[in-house]
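Subject: Structure for you to look at

Hello,

Here is the structure I said I would pass on. Please look through it before reading the notes underneath.

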Amino acid sequence: MSDQDVTVMQEGSSNTGKWILLLLAIVYVAASLYFLVDLRGQVSKITQDQAAAHKEIGQLTERMQAAEAEAETLGQQVGITKKELAERAKQLQASQRAAEERLAKEQKEQISAVSVKTDVGGVKTDVAETKSELAATKAKLESTVGDLGLQSGLIAKTRDDLEVLKHKGDRQYYEFTLLRGAKPQPVSTVSLQLKKIDPKRGKFTLNVTSDDKTIEKKDRNVNEPIQFYTGRDHMLYELVVWTLDKNKATGYVSTPKNAPVPVTATPTGSN
């Protein structure tokens with residue numbers, strides 16, 4: 001090989017090395033730029049996150065301050081309410097003591113009054129007991145609807161009940177006892193005749209003769225108001241049977257206070 005060829009080969013190797021070094025430099029610079037840009041992006045993102053965090057911290061601080069202000073205001077209001085409640089409690093206690101004192105005074109006065117009344121004698125006590133008995137009996141009386149669908153007055157179911165009605169003086173009352181199969185019996189200004197009787201079922205059938213007309217009241221019940229009109233003024237009479245025996249029925253006829261009275265009859269409700 002000649003010296004010229006060796007020289008050419010050396011120059012080629014030298015150029016190749018230069019290109020390799022240049023290429024490596026370019027790669028290094030590109031990589032450095034890439035990392036630099038990426039680093040700046042990360043720094044920018046961190047800066048933004050920090051700004052957002054500072055903003056949130058500021059908002060939280062404002063909320064905490066507002067909450068503290070509300071808590072302070074609420075505490076002041078609660079303090080005022082407790083004070084008002086304390087004053088109200090004192091007023092209620094004073095009113096309660098006054099009421100207890102007044103009640104005790106009234107009880108003493110009532111006890112004194114009762115003692116004075118008791119010393120008067122036994123007459124007033126008897127009268128009070130009689131009134132109590134009458135009131136108790138009156139409470140047992142009932143008002144119901146009669147067989148004509150009209151509202152009846154108070155109904156007597158026993159002779160004691162009838163005595164109460166007599167004392168009221170609102171109507172006239174004629175007691176009767178009817179025998180089954182007997183002839184019509186005059187009661188007040190009408191006549192009654194017992195036709196059938198069923199003591200077990202508490203039912204009976206009777207005829208009512210008034211103004212020359214006979215009306216059959218069939219299958220009626222004990223203590224049921226039996227109603228009928230009679231007389232020139234078309235007055236409403238009521239009939240009630242309160243007991244049934246084997247062959248007889250006992251009860252009363254109720255007439256208005258201004259109804260005619262037979263000459264031979266005396267109404268048991270007259271005073």
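The notes below go from the whole chain to single side chains.

Please keep in mind that this is a predicted model.

Overall make-up

The protein chain contains three helices and ten strands. Following the sequence, the elements come in the pattern α-α-β-β-α-β-β-β-β-β-β-β-β. Of the 271 residues in the protein chain, 22% are buried. The chain has an accessible surface of about 19900 Å², and carbon and sulfur atoms account for 56% of that surface. If you take the contacts between residues at least 6 apart in sequence, 47% of them join residues at least 24 apart.

The sheet

Strands S4, S5, S6 and S7 form an open sheet, in the order S4-S5-S6-S7, with antiparallel pairing. At the edges are strand S4 (185–187) and strand S7 (213–221), each of which pairs on one side only. From one strand to the next, the twist averages 30°. Within this sheet, strand S5 (residues 190–198) is paired with strand S6 (residues 203–210) in the antiparallel sense, over seven bridges. To find a place in that pairing, start at Gln 193, whose bridge partner in S6 is Asn 207.

Salt bridges

Across the whole structure, the search gives five salt bridges. One of them joins the side chains of Glu 163 and Lys 166, at 3.0 Å from N to O. These two residues both belong to helix H3 (residues 159–168) and sit three residues apart, which is about one turn of the helix. Glu 163 has 31% relative accessibility, so this residue counts as partly exposed. Lys 166 counts as buried because its relative accessibility is 11%, and the cut-off for buried is under 20%.

Lys 166 has another partner: Glu 175 forms a salt bridge with Lys 166, with the closest N and O atoms 3.6 Å apart. Glu 175 has a relative accessible area of 28% and is therefore partly exposed.

A further salt bridge runs between Lys 168 and Asp 170, where the closest N and O atoms are 3.6 Å apart. Both ends of this bridge are partly exposed, with Lys 168 at 35% relative accessibility and Asp 170 at 47%. Elsewhere, Arg 159, Glu 163, Lys 166 and Glu 175 are joined into one network by salt bridges that share partners.

Aromatic rings

How many aromatic pairs are there? The count comes to three. In one of these pairs, the ring centres of Phe 228 and Tyr 237 are 5.8 Å apart and the ring planes are at 50°, so the pair is tilted. The cut-offs behind that label are simple: planes under 30 degrees apart would count as stacked and planes over 60 as edge-to-face. Phe 228 and Tyr 237 are both buried. Tyr 173, Trp 242 and Tyr 252 are linked into a cluster by ring pairs.

Where to start

For a first look, I suggest helix H3 (residues 159–168), which holds both Glu 163 and Lys 166. From Lys 166 you can go on to Glu 175, its salt-bridge partner. After that, the open sheet S4-S5-S6-S7 can be followed strand by strand, and the tilted pair of Phe 228 and Tyr 237 can come last.

Regards

Technical notes:
Residues numbered from 1 in each chain as written. Predicted model: local features only at pLDDT ≥ 70, side-chain atom pairs only at ≥ 80, totals over all residues. Heavy atoms only, no water. Phe/Tyr/Trp six-rings, centres within 6.5 Å; stacked < 30°, edge-to-face > 60°. Buried < 20%, exposed > 50% of the residue type's maximum accessible area, 1.4 Å probe, protein only. Pairing = 2+ DSSP bridges. Helix = DSSP H or I, 4+ residues; strand = E, 2+ residues; numbered from the N terminus. Axes fitted to C-alpha atoms, helices over the stretch in contact; angles between N-to-C directions. Salt bridge = Lys/Arg side-chain N within 4 Å of Asp/Glu carboxyl O. Contact = heavy atoms within 4.5 Å. Areas by Shrake-Rupley, 256 points an atom, 1.4 Å probe, with all protein chains shown as cover.
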